[in-house]
Amino acid sequence: DRSGPTTRPTAPFPPRSEAKPVEAEPAPAVRAVRQRLTAETAPRREGPVVPMRLYAIYVLILLAVPTLGVSCLVALLAVMRRDGSTDPLEHSHAVYQQRTIVGAVGAAVVGALLIVVNIGVLVLFALAIWVLARGAFGVLKLKSGQAVPHPRSLLF
């Protein structure tokens, strides 16, 4: 007659097996991170060496809208003092930046004068969009190591 619960004596630890554990397939996110890290440590291809001052001017151009044109005036001073470059990539970006900044200053003056007749707000809004678009386009071209196709154009 069994009147109570029966317990079996168990070992304090499970028996140790000599087989190697099976490695699970890593998650897709882990694989992506591993591939990215491997790609970052792989030797890079040599591209054109771009001076950092070109990136600095683009930063000033892109900051012209939130700083209400103050950074654009600083960029104008930097661009006007710049000497000519013999590198076609650098030259095309320098001309593009100069046209962007001079055009922005001219349009800002016209927009400020036209505020009196209530058209200036639209001109200044269009100017903000134009400056941001040209700045972003220039940065993308510079980052990819390409010259600006039509640097003297007021569009792209």
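A residue counts as buried when its relative accessible area is under 20%. With that cut-off in hand, a good place to start in this predicted model is Arg82, which is found in the loop between α3 and α4. The relative accessibility of Arg82 is 18%, so this residue counts as buried. Leaving aside neighbours within four places in sequence, Arg82 is in contact with Arg53, Leu54, Ile57, Ala94 and Gln97. One of these partners, Ala94, is 12 residues from Arg82 in sequence, and the two C-alpha atoms are 8.6 Å apart in space.

It helps to step back and look at the whole chain. The secondary structure of the protein chain comes to 5 helices and 0 strands, and from the N terminus on the order of elements reads α-α-α-α-α. The protein chain has 156 residues, and buried residues make up 24% of them. Contacts in the chain can also be sorted by how far apart the partners are in sequence. Among contacts with a separation of 6 or more, 65% are accounted for by residues 24 or more positions apart.

Helix α3, residues 70–80, is a friendly example of a helix with two sides. Its buried residues are Ser71, Cys72, Ala75, Leu76 and Val79. These residues cover an arc of only 150 degrees around the axis, and therefore they sit on the same side of α3. Val70 and Leu77, in contrast, are exposed on the other side of α3. What, then, covers the buried residues of α3? The cover includes α2 (52–62) and α4.

The next step is the pairing of helix α4 (residues 88–114) with helix α5 (residues 120–143). The axes of these two helices come within 8 Å and cross at roughly 170 degrees. Angles over 145 degrees count as roughly antiparallel, so α4 and α5 are roughly antiparallel to each other. On the α4 side, the contact is made by His93, Tyr96, Arg99, Thr100, Gly103, Ala104, Ala107, Ala108, Gly111, Ala112 and Leu114. On the α5 side, the contributors are Gly120, Val123, Leu124, Leu127, Trp130, Val131, Arg134, Phe137, Gly138, Lys141 and Leu142. Sorted by class, this contact of α4 with α5 has 13 nonpolar, 6 polar and 3 charged residues.

His93 deserves a closer look. This residue lies in helix α4, and with a relative accessibility of 0% His93 counts as buried. Not counting residues up to four places away in sequence, His93 touches Leu54, Tyr58, Gly138, Lys141, Leu142, Gln146, Ala147 and Val148. Gly138, Lys141 and Leu142 also appear among the α5 residues that make the contact with α4.

Charged side chains bring another link into view. How many salt bridges does the structure hold? There is 1 salt bridge in the structure. Its partners are Glu90 and Arg53, whose closest N and O atoms are 2.3 Å apart. This pair links distant parts of the chain, with Glu90 in helix α4 and Arg53 in helix α2, 37 residues apart. Are the two partners buried or exposed? Glu90 has a relative accessible area of 11% and is buried, while Arg53, with a relative accessible area of 43%, is partly exposed. Arg53 is also one of the residues in contact with Arg82.

Finally, two loop residues are worth a visit. Leu68 lies in the loop between α2 and α3, and Asn118 lies in the loop between α4 and α5. Although Leu68 is not a glycine, it has a positive phi of about 55 degrees. Asn118 is not a glycine either, and its phi is positive, at about 65 degrees. Residues with a relative accessible area over 50% count as exposed. Leu68, with a relative accessible area of 80%, is therefore exposed, and Asn118, at 65%, counts as exposed as well. Leu68 can also be placed relative to helix α4 through Ala108, one of the α4 residues in the contact with α5. Leu68 and Ala108 are 40 residues apart in sequence, and their C-alpha atoms are 9.8 Å apart in space.

Key
Residues numbered from 1 in each chain as written. Predicted model: local features only at pLDDT ≥ 70, side-chain atom pairs only at ≥ 80, totals over all residues. Heavy atoms only, no water. Axes fitted to C-alpha atoms, helices over the stretch in contact; angles between N-to-C directions. Helix = DSSP H or I, 4+ residues; strand = E, 2+ residues; numbered from the N terminus. Parallel < 35°, antiparallel > 145°, perpendicular 65-115°, else oblique. Contact = heavy atoms within 4.5 Å. Nonpolar A, V, L, I, M, F, W, Y, C, P; charged D, E, K, R; others polar. Buried < 20%, exposed > 50% of the residue type's maximum accessible area, 1.4 Å probe, protein only. Arc of directions from axis to C-beta. Salt bridge = Lys/Arg side-chain N within 4 Å of Asp/Glu carboxyl O.
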